[in-house]
Amino acid sequence: MAAIENGKKEESVLRTAFGNVLSFFILLLIGILAFSIRLFSVIKYESVIHEFDPYFNYRVTQFLTKNGIYDFWNWFDDRTWYPLGRVIGGTVYPGLTLTAGTLWWILNSLNIPLSVETVCVFTAPIFSANAAWATYLLTKEVKGTGAGLTAAALLAMVPSYISRSVAGSYDNEAVAIFALIFTFYLYIKTLNTGSLFYATLNALAYFYMVCSWGGYTFIINLIPMHALLCIVTGRYSSRLYIAYAPLVVLGTLLAALVPVVGFNAVMTSEHFASFLVFIIIHVVALVYYIKGILSPKMFKVAVTLIVSAGLAVCGAVMAVLIAMVATSPTKGWSGRSLSLLDPTYASKYIPIIASVSEHQPPTWPSYFMDINVLAFLVPAGIIACFLPLSDASSFVVLYIVTSVYFSGVMVRLMLVLAPAACIMSGIALSEAFSVFTRSIKFQLLNLLQSKKIDAGETITTDSAVTQTDAAKPAKSEGIVKERPSKKNKKKEKEPVEKATVRSRIQKKLLVLPLEASVIAILLLVLLGAFYVVHCVWAAAEAYSAPSIVLTSRTRDGLHVFDDFREAYAWLRHNTDVDDKVASWWDYGYQTTAMANRTVIVDNNTWNNTHIATVGTAMSSPEKAAWEIFNSLDVKYVLVVFGGLVGYPSDDINKFLWMVRIGGGVFPHIKEPDYLRDGQYRIDSQATPTMLNCLMYKLSYYRFVETDGQAFDRVRQTEIGRKHFKLTHFEEVFTTHHWMVRIYKLKPPKNRIRGKTKRTKSQKSSATASMKRSSRKRNPWQ
Amino acid sequence: MEARLSLILFLLSILSLISLSFAHDLQIVNSERRIDLTSHIVKVFLTFKVENTGTSPASEFLLAFPPAQADHLALVKAAVAVGKKKKKIYIPLDVSPTELPDAPNRAKFTSISLKNPLNAVEISQSESQLVYYHDSAIILSPYFIKQQTTFIKTPNTRVESFSRVDPTSRAGTELKYGPYVDRAPYSFSPITIHFENNNPLAVVEELVREVEVSHWGSLQITDHYKLAHAGARHKGVFSRVEYQSRPTISGISSFKHLLALLPPRSELEIEPRYPLFGGWKATFVIGYSLPLQDFLFEAPDGRPYLNFSLGCPLLETVVDKLTIKVVLPEGSQDPSAKVPFPVKQHLETSYSYLDIVGRTVVVLEKTNVVPEHNSPFEVNFQPVVMVYYTFKPFFMLAEPLMLASVFFLFFVACVAYLHVDFSISKSYNGHGFEQVGLNRQHVPLY
């Protein structure tokens, strides 16, 4: 008997070792998958930085690697927001930059001569692999290794995350999702172990998250919510205290160290929930402590005392908080947070936030596009989390519920939903697989058993049954261990024996018919295959375009539109270093990074008035626009025009936002002036204000000479005003496909001599000043 | 534009010398000069018939250049024809003023201001490019010239104006100055020719070429170009619609294509991102790799040497500043470069891919390089750079061995970590390890 015991022990050690090695290699493959599925952009296009914001991050990283960390913190950038400038060190989330900078520094100190650009391009895929591993750890803490591996594999290729982390998409989210998942993992780990070591690591991970992304507020609200949920449902334990209290204290202290957050970590409403729960958890901890040392009778007395005192303290603190919050006009919430709480807020009050397409609410197809079959697996995962509910599984349930809400408000936050959906689907798939495989195994065993009983052998089957039980009930035991924390009455190690017996009974009840199980497994595999196919398609086709190089496939073959880089290269080489270039804010980051020229506004939309000034200039007639631009020392104006080749996201299509944002600050710009019967049009039915504004003129200047009809391929119409001349601007460069047009401000004309003309100009200036006084505010005054 | 033109001077002298002596005893019996202005690289062919009137043999023959030309002189090639059998000797001549210490009136300083300010320095898109050429009608020489003629060839018949120094005649694309007889040494007669030259003046302002030798079998070449159009500056607007719809009229002086000849007989057509008009610039990088055996040879003393052609692979392009960096493999020593003309040389160290001691870099710098530098001209002229160095093949294995040992140590460390108990207090008894294994299996949540 002892020999059998020993043999079994050895076998299980081997099994564990084999399982560990297997999961190690699976994880390695998942990491490789996560990395390589994001390389489509490099293979199909080239190794370039993508889109808009990544260019800014790239430029900051270049500065960091060139000048070092101290210069980086003190960097005042005078190439942007002219003439205001921008304090980069204090207004940027430094996590991504520091990460890539450190990577580059390590590589360079090993004498591996990779350029900063290469490191930046591949940062996102590397961190996607890290995020997949973090998902494994988190899910493993919640539901075991199988669920962890499944969730990691799902996350490695979830399209929503791919869209933000393809090679070249060098943006905060690339590292922030990893930081987010890893912080959650450490929180759960601390919750499960009650180890102060993990609690400290958790605070550090939170610090990294704060460094990386403004989305850290999600963590600092979700974890308090979960702590509160645990307290309310009577799941308070010392582990919860260790998981929560150090995070708030250390985390807030560390967060305040990040310049961009600073005192916001204690001053804004986004963080108040954590402090409130911090107070509550202390009160609860005190209650539990007193309950432990007092007799039940004394306790009742104490409860009334403490509750009244605690309420008083809470009331006082709340009053202070409310008073502080009430002093600020937005009630202490930042615009973006407010638009999260009230989805209609942005479109009502902040057109800049509303104008960004990724801040729009998503459509149903975009859910299917971004998380695909996971959307159907999530409910199953939620159910699995309730069977049975533990601290950890209640956390992921809370996570999915909140992130579903947030993703419904902004497309961008689909990214936060994706890991939760992966975890849930991982749990669902893993549970389903284990149920089906168990029933298959059980029934095959039964089949075998009946045959073997016929042969008269009983001992081996007996041991086989016990062995399967030894392998299986791991999960249920863990769950059982979780349960006592609910009431905190029983000691933890008590009912192990009982539980195994009970779970054995449960298992037998959960067995499904063999055929059904086989078919279900096949269907699940099919579902997984569909998911993989979709993800690869999304990675290859939908999300790999770098958006500065465009391609189109026609019958003649592949066309490459490299106009943006053409224009920026022209600006870089053929204009003076200190020339100022005005364009709509979308192109600000690219202009500073690629053309190295000073811009008026850029994608960091911190100054609404400045953006409104540019918007006003673009919507004004030529002369007024010239005056605005001249007052800003602008030498070149850059517009993006897609009418010739049919590039839809050009300035004419964005123009209404310019009008709206401009009109929001300078009321003489009125949106209805640009609309004919509420419709935005540029054809012959367009309003004269529209046909006279600068944006129209700069976009369509001499456009008619290309085909003789001036047919706009984006708007699918002939333009309204075809022949006109520019008086205050001159065309200095237009790219090959006309996608970027650069104009130069003409120098002011010499003073006009002669009496009559002077009086004329005086008169006009008088009328102008009259007009000016009638307006509320004037942009160039 | 004139300021940008580079001169190539081909000197073909017919030396009918019996005995040569001191410089002043030489005199030029007959000279003919042909100036080719068809491209943006001015080529001057000088043919001298020299006679020694003195008694002692002369070993030197001096050429004088006005300073404006001396600054732009890219290359001087000379050949001597002796009798019927043309034996051509190639002499890289030094034209610095210190070479003429005896000249009574230093050529550098005799000339009057040659560089007149150019009037039409800016043209608009549809205008054609007119350039000036300044020179002297009489060949500047420290010797007495008995008879001389100068022919100037212009790219087309459109010549706005030209100075007259009688006898001067013009026929088609050729201008003829002379013949002039019996001119004293250092005589000078400035002429200016104003003509149309629509050749795009492609100038590489700076070319940094890195040649990296890997003894694993490849030669990696990376060229960093700073390209400029050195013609008349573009003025006013650039209209894409005119440029695209009337390509023959609009923007004729701009260039869109460049042809590069790369070593194994391949042509590479380079299209800048935008057409380059006068004064516009662009930068680009070309990198390619070549099999090493075509370029690396073994010298008689057993040392390896690298043999590759110098200069810019772009056709019809002048390079203002050429820097060649030959990156030798790590561990190579005693590099020495052999270049057929004077260049600035120095050594650097660069680090790449896990280098520890660094790679030796031979840096060669040359200003004003014209295409003739990279095409063989004479039999005994090799327009190549030869870099000799010593290298022990063992160094090729240094990095693989290093990597292997690092990984080995890493795995050893992992194994050691897994087998050594680092805990301060022993929580397990004898079979603690197995206990852990069992626990893990039963309690995966923790």
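## A walk through chains A and B

Helix α28 of chain A is mostly covered, with 11 of its 12 residues buried, and it makes a convenient entry point into this structure, which is a predicted model. The helix runs over residues 563-574 of chain A, and its span from the first C-alpha to the last reaches 16 Å, close to the 16 Å expected at 1.5 Å a residue. Its buried residues include the aromatic side chains of F564(A), Y568(A) and W570(A), but also D563(A), R565(A), E566(A), H573(A) and N574(A), while A567(A), A569(A) and L571(A) complete the list. An α-helix has 3.6 residues a turn, so residues three or four places apart point the same way.

Stepping back from that helix, chain A as a whole contains 36 helices and 13 strands. Of its 781 residues, 52% are buried, and its accessible surface comes to about 35900 Å², of which 64% belongs to carbon and sulfur atoms. When contacts between residues at least 6 apart in sequence are considered, 72% of those in chain A join residues at least 24 apart.

Among the strands of chain A, five make up an open sheet, in the order β6-β5-β7-β13-β12, and the pairing within this sheet is mixed. Its edges are formed by β6 (598-599) and β12 (729-734) of chain A, each of which pairs on one side only. Strands of a sheet pair through backbone hydrogen bonds, either parallel or antiparallel. Within the sheet, strand β5 (residues 580-582) of chain A and strand β7 (residues 636-640) of chain A pair in the parallel sense over 2 bridges, and there A582(A) stands opposite V637(A) in β7(A).

The edge strand β6 of chain A also holds T598(A), a residue worth examining in its own right. Is T598(A) buried or exposed? T598(A) counts as buried because its relative accessibility is 3%, and the cut-off for that class is under 20%. Leaving aside residues up to four places away in sequence, T598(A) touches D579(A), K580(A) and V581(A), and also D78(A), R79(A), T80(A) and Y82(A).

Chain B has another make-up, with 5 helices and 24 strands. Buried residues account for 49% of its 446 residues, and chain B exposes about 22400 Å², with carbon and sulfur atoms supplying 57% of that area. Here 75% of the contacts between residues at least 6 apart in sequence join residues at least 24 apart.

One of the sheets in chain B is an open one of 3 strands, arranged in the order β6-β11-β8 with antiparallel pairing. The strands at its edges are β6 (130-136) and β8 (159-162) of chain B, each pairing on one side only, and the twist from one strand to the next averages 15 degrees. Strand β8(B) pairs with strand β11 (residues 190-196) of chain B in the antiparallel sense over 3 bridges, and the bridge partner of V159(B) in β11(B) is F195(B).

Further along chain B, strand β12 (residues 202-214) and strand β13 (residues 218-229) run antiparallel and are joined by 12 bridges, with V204(B) standing opposite L227(B) in β13(B). These two strands form a hairpin with 3 residues between them, and in the turn G217(B) has a positive phi of about 120 degrees. Strand β13(B) is also joined to β17(B), by 11 bridges and again in the antiparallel sense, and in this pairing L219(B) stands opposite L290(B) in β17(B).

The loop between β17 (281-291) and β18 (296-298) of chain B brings in L292(B). Which residues does L292(B) touch, not counting residues up to four places away in sequence? The contacts of L292(B) are V213(B), S214(B), H215(B), G217(B), S218(B) and L219(B), a list that includes G217(B), the turn residue with the positive phi. Although L292(B) and S214(B) lie 78 residues apart along the chain, their C-alpha atoms are separated by 7.8 Å. L292(B) counts as buried because its relative accessibility is 7%.

Finally, the UniProt record, an unreviewed entry, places the feature "transmembrane region" at residues 401-420 of chain B. In the model, the chain over residues 401-420 of chain B is 95% helix and 0% strand, and the end C-alpha atoms of this stretch are 28 Å apart.

Notes: Residues are numbered from 1 along each chain as its sequence is written. Chains are lettered from A and ligands numbered from 1 in the order in which they are written. This is a predicted model: local features need pLDDT of at least 70, side-chain atom pairs count only at pLDDT 80 or more; totals for chains, interfaces and linings use all residues. Side-chain values use heavy atoms; hydrogens and water are left out. Two strands pair if DSSP finds at least two bridges between them. Helices (H or I, at least four residues) and strands (E, at least two) are DSSP runs, numbered from the N terminus. Buried means under 20% relative accessible area, exposed over 50%, partly exposed in between (1.4 Å probe, protein chains only). Contact means heavy atoms within 4.5 Å. Accessible areas come from the Shrake-Rupley method with a 1.4 Å probe; for residues, only the protein chains shown count as cover. UniProt positions are given in the numbering used here, feature names are shortened, and annotations may be inferred rather than shown by experiment. The expected span of a helix is 1.5 Å times one less than its number of residues. Axes are lines fitted to C-alpha atoms, for helices over the stretch in contact, and angles run from 0 to 180 degrees between N-to-C directions.
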